[in-house]
Each structure stands twice: as structure tokens, then as C-alpha cells.
Amino acid sequence: MPNVSMKKITKLLVANRGEIALRVMRSAREMGIQTVAVYSEADRTALHVRFADEAICLGPPPSSESYLRIDKIMDAAKQTGADAIHPGYGFLSENEDFARACEDNDIIFVGPSGDSIELMGSKLGAKAAVAKFGVPLVPGTSEPISSIREAKKIAAEIGYPILIKASAGGGGKGMRMVESEAQFEEQMARAVSEATSAFGDGSVFIEKYVTQPRHIEFQIFGDTHGNVVHLFERECSIQRRHQKVVEEAPSAILTPALRQKMGEAAVNVAKAAKYYNAGTVEFIVDGHLNFYFLEMNTRLQVEHPVTEQITGIDLVQLQLRVAQGEKLPFAQEQLALRGHAIEVRVYAEDPTNNFLPDIGTLQTYKRPQGHGIRVDDGFEQGMTVPFYYDPMIAKMICTAETREQAIEKMIRAIDEYEITGLATTLGFCRFVMTHEAFRSGHFDTKFIEKYFKPESLGGTAPAEEQTLAAALAVYLDDQKKMPAVPVSSQAATQGSPWKTKRLYPA
Ligand code: MV4
């Protein structure tokens with residue numbers, strides 16, 4: 001049975017880690033809901049474990065032995081008497097078996113039904129379902145390709161270049177571009193073999209390749225009474241290898257009329273899936289502002305805070321309320337967006353070394369402060385970024401009345417953020433914020449490819465040097481021989497806003 005009944009949540013297990021586990025628990029606590037953390041052996045001292053009312057160890061550090069173990073998580077829920085589970089993002093958040101395991105055990109899954117997850121997990125299934133609701137789709141095939149001859153004919157009709165996509169893929173996984181008929185068979189064979197090994201499903205389909213694409217996604221929300229609204233869009237066109245780097249709301253290119261049209265299409269996608277709880281409808285927008293549905297993500301997304309900032313709505317609280325069977329507390333006409341929010345993802349990666357993860361200890365970790373700045377993270381100074389999971393340190397969100405002001409605030413905040421001990425992408429985020437193409441709004445998903453070179457960051461010191469410099473500064477300060485001057489990743493390239501500052505005032 002899906003979770004359509006009216007039942008108050010009293011204790012929530014959060015099946016995730018890091019910043020999102022904390023983010024979810026904070027809203028739960030404000031609602032008087034008890035919280036249960038689960039954790040791996042690598043996360044014994046993590047903040048989400050300390051924050052929760054109770055915590056259960058799942059097992060060894062690898063996700064496959066901890067955060068991905070449906071059986072162990074269900075046991076933890078039963079053992080603690082949790083009546084709901086929030087999956088966060090990543091891990092089991094889009095696993096229909098997990099949603100169904102909750103449904104079967106009378107535990108509320110804070111998300112959509114297993115059936116909605118399954119439908120949207122199949123890109124072909126999703127396209128077929130939304131086509132009936134008049135949602136625009138990229139020209140292409142609507143069935144898995146079974147005959148090369150037939151497929152080549154269709155490709156010739158829609159015109160090269162085309163993309164071959166895996167039905168079980170998504171987020172850019174299992175995609176192959178084909179520039180001419182001569183490459184077709186080779187790329188097709190690769191796509192099928194990759195899809196088979198990655199997803200256990202070799203079904204592929206064809207789409208016309210949309211040039212100069214922009215990634216614009218709509219936040220939608222449904223309740224279990226059949227109401228669906230959208231909470232406007234986020235633009236996530238600045239990506240690197242399908243990893244989002246900068247997200248913002250609203251998009252710099254949507255007019256109110258186009259926003260309304262795309263918003264209606266997004267709501268129709270949700271209705272086609274009988275969707276409830278939070279979801280994201282991803283569109284691709286071409287140079288002529290034509291938009292096409294690509295896929296739907298059936299979870300709360302990493303970048304949800306920019307939507308919260310421009311709507312004033314706590315999306316996690318709304319997820320919990322809808323999961324308890326409450327009706328959406330507003331109608332579409334009551335929603336308005338205000339101001340502009342930009343999020344950058346701060347990773348423990350070295351932009352001067354091909355973005356290789358730079359795992360280590362946060363020797364200095366000081367967040368920026370001030371009006372309009374929000375930092376969602378899961379770390380404190382002295383903690384180590386574990387090697388087993390995504391190396392994201394934090395999301396920093398800046399909100400202001402206009403896009404220009406949000407960009408200026410972000411630059412100030414980046415300069416104020418002090419991280420030493422490991423390389424981060426802060427300087428890289430600063431590069432984006434100061435780039436003319438980003439500032440003018442004339443960019444597409446090829447921004448980083450086109451404009452970024454490691455040299456763009458100037459003389460960033462290698463991580464080891466930064467770590468050494470930071471250690472030396474602390475040592476010297478301890479010795480009281482001279483005031484310590486912090487060396488942070490951005491300070492090395494841009495000059496820190498801190499003139500001279502003792503790390504530990506005498
Ligand atoms: C496309 C496309 C061009 N044409 N589909 C990448 C993520 C996945 N959700 C779909 N993706 C794309 N699909 C057609 N028909 C280009 C991309 C794409 C992309 C999309 C959004 C953001 C960044 C991207 C980077 C490379 C390719």
C-alpha cells in the first residue's frame with residue numbers, strides 16, 4: 001500500500017549521511033519529530049550521528065555494505081521504532097525496491113510511490129507516459145531499438161548528429177553521440193554493451209542532438225490527494241562531466257510566459273506519473289528557447305536550497321507534511337518567486353589537477369557569514385573528508401534581490417571562506433562567478449569545456465604546499481613568534497579578504 005493515509009510521523013530515520021542527513025534532521029526536529037541516524041564505520045564521529053536522537057551503525061565503510069543495504073536499514077527502522085524513512089539524495093533515494101520495502105513494512109517512505117520511481121527510472125517508459133499529456137519531447141524513437149536498419153532510417157529522418165541513450169540510464173550515463181551514419185553501428189554496439197554492463201538492461205533509443213543546450217529543471221510537488229504544483233525552475237547548465245557545479249534560481253533566460261508554459265508541462269509530467277512528494281522535471285532548452293522533457297528525478301535534489309531561497313518554502317518540511325497525508329498548503333496561484341539565489345558546490349577536489357579528489361583533513365574551516373548567505377555542510381574544522389563517499393564539503397547558497405547582487409555576494413563569500421588542509425573547488429567557483437559568459441547569462445552546458453583551463457586559476461599552490469603552509473602558520477602562532485597568516489585555497493589565487501589575522505588570538 002502506498003503511503004496515502006493520514007498518519008503523523010513521530011520518529012524519522014534518515015537513510016543518508018553528510019549535509020543532506022543534517023538538512024533533513026533539522027526540519028524534522030523543528031516539527032517535533034524524533035530523528036534516527038544510520039552510519040557506516042567511517043562515519044562514527046560524523047555530525048549527522050551527533051545531531052540525531054539515536055544512531056545505528058550499519059556496517060563497514062563501503063556504501064555497498066552500509067548506506068545501500070536495504071535489509072540493514074529496514075532492521076534499524078524496526079529496532080528503533082521509526083515510522084518513516086527519508087532517503088535524502090543518492091544512495092537508495094531512487095530505488096523502487098527500497099520505497100516498496102517501506103510500503104510493505106508500514107513505514108512511511110518520504111518520497112513518491114515505488115511505482116512512480118520505477119516508471120521514471122525507465123527513460124522510455126517516462127517518455128511514453130508524458131507524451132500522452134502533451135509534454136514536448138526531443139524528436140526520436142519511442143521504442144527500444146531492435147533493428148539497426150530501422151534505427152538508421154529514423155536517424156537519417158531526424159538528421160545527424162543524434163544521441164543514443166540507454167533507457168535505464170539518466171544523468172548523462174550511457175549516452176553516445178553519433179555524428180554521421182558511418183559511425184552509427186560502432187556507437188550503437190558500444191551503447192548497448194555499456195548499458196548492459198552498467199544497468200543490466202541493453203535497451204537504447206535515439207534522440208536528435210540538441211545543440212547549445214541549457215539544463216533547466218522544475219521543482220514540482222504533489223500531495224496524496226492528487227494536487228500538484230511547481231515551485232519554479234533552477235538552471236544547472238554549468239556542469240563538469242554531468243556533475244553540477246553552479247545552480248541558480250530563477251534561470252536568467254526564462255520569460256514569465258515561458259516559465260508558465262514549462263511549469264504547466266512539468267506539472268503534467270508529475271500527473272502522468274501519479275506523482276506525490278518532491279520531484280524534479282528536467283528539460284533541455286535550445287538556442288531558440290524550445291524546450292523538451294528529458295527525465296524526471298524522483299528525489300529531493302542537491303540543489304533544492306536555491307528553490308527554498310526564492311520561494312521561502314522549507315521543502316523538507318513540505319515533504320514530511322505531504323508524507324503524513326496532509327494536503328499541499330497552497331495552490332499554484334499563491335506561489336511567487338522573489339529575488340535570486342545561486343548555489344556553488346564546494347568539493348574536496350583539485351581543479352588544477354583534473355579535479356582529482358583531494359581527501360584530507362580540514363585544517364582550517366571557517367564559513368563565510370552575513371546577510372543572504374547559507375552554507376549547508378556536514379563538517380567542522382579538524383574533521384577529515386572520508387575517501388569512501390562523494391567529496392562534497394559544502395553547498396554555499398547566496399541570495400539577493402537581483403542576479404548581479406547574488407553574484408557579487410557569492411564572490412565576497414568565496415573570498416571569506418577559509419579552507420586549508422586540502423584543495424577545494426572554491427577558486428574554480430570564483431572563476432565561474434567572474435566570467436563574462438556567466439555574468440551576462442550567455443552560456444550553455446559547454447561553459448567549462450569552452451572556457452576553463454587549469455591555468456585560469458593562476459598560481460594556486462599545490463595541496464601539499466598549502467597544508468604545509470597552514471601547519472607552519474599554526475605552529476608559529478602557537479610559538480607566539482609571529483602572527484599566523486592563514487593560507488586558504490582562494491587566498492593563494494585571489495588574495496584573502498582578511499588583512500592579517502591570528503588564527504588563535506593571544
Ligand atoms: C541531451 C543533450 C542533447 N540532446 N539530449 C545529459 C544529462 C542527461 N540528463 C541528458 N543530457 C543531455 N541530453 C539531447 N537530445 C545534451 C545533454 C547534455 C547535458 C544536458 C544538461 C546539462 C549538461 C549536459 C552536458 C552534456 C550533455
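**Exercise 1. Find the salt-bridge partner of Asp115 and place the pair.**

Asp115 pairs with Arg100, the closest N and O atoms being 2.7 Å apart. That meets the salt-bridge cut-off: a side-chain nitrogen of Lys or Arg within 4 Å of a carboxyl oxygen of Asp or Glu. Next, place them: Asp115 is in helix 5 (residues 114-121) and Arg100 in helix 4 (residues 96-104), 15 residues apart. Helices are DSSP runs of H or I with at least four residues, strands are runs of E with at least two, and both are numbered from the N terminus. Last, exposure: Asp115 is exposed at 55% relative accessibility, while Arg100 is partly exposed at 22%. (Buried is under 20% relative accessible area, exposed over 50%, partly exposed in between; 1.4 Å probe, protein chains only.)

The model is predicted: local features need pLDDT of at least 70, side-chain atom pairs count only at pLDDT 80 or more, and totals for chains, interfaces and linings use all residues. Residues are numbered from 1 along each chain as its sequence is written, and side-chain values use heavy atoms, without hydrogens and water.

**Exercise 2. State which strands Arg214 and Glu235 tie together.**

Start with the bridge: Arg214 and Glu235 have their closest N and O atoms 2.8 Å apart. Arg214 lies in strand 9 (residues 214-222) and Glu235 in strand 10 (residues 228-240), so the pair ties parts 21 residues apart in sequence. Both residues are buried.

**Exercise 3. Locate Lys8 and Glu326 and compare their exposure.**

Their side chains form a salt bridge (3.9 Å, N to O). Lys8 sits in the segment before strand 1 (11-14), and Glu326 in the loop between helix 11 (315-323) and strand 14 (340-347), 318 residues apart. Lys8 is exposed at 59%; Glu326 is buried at 17%.
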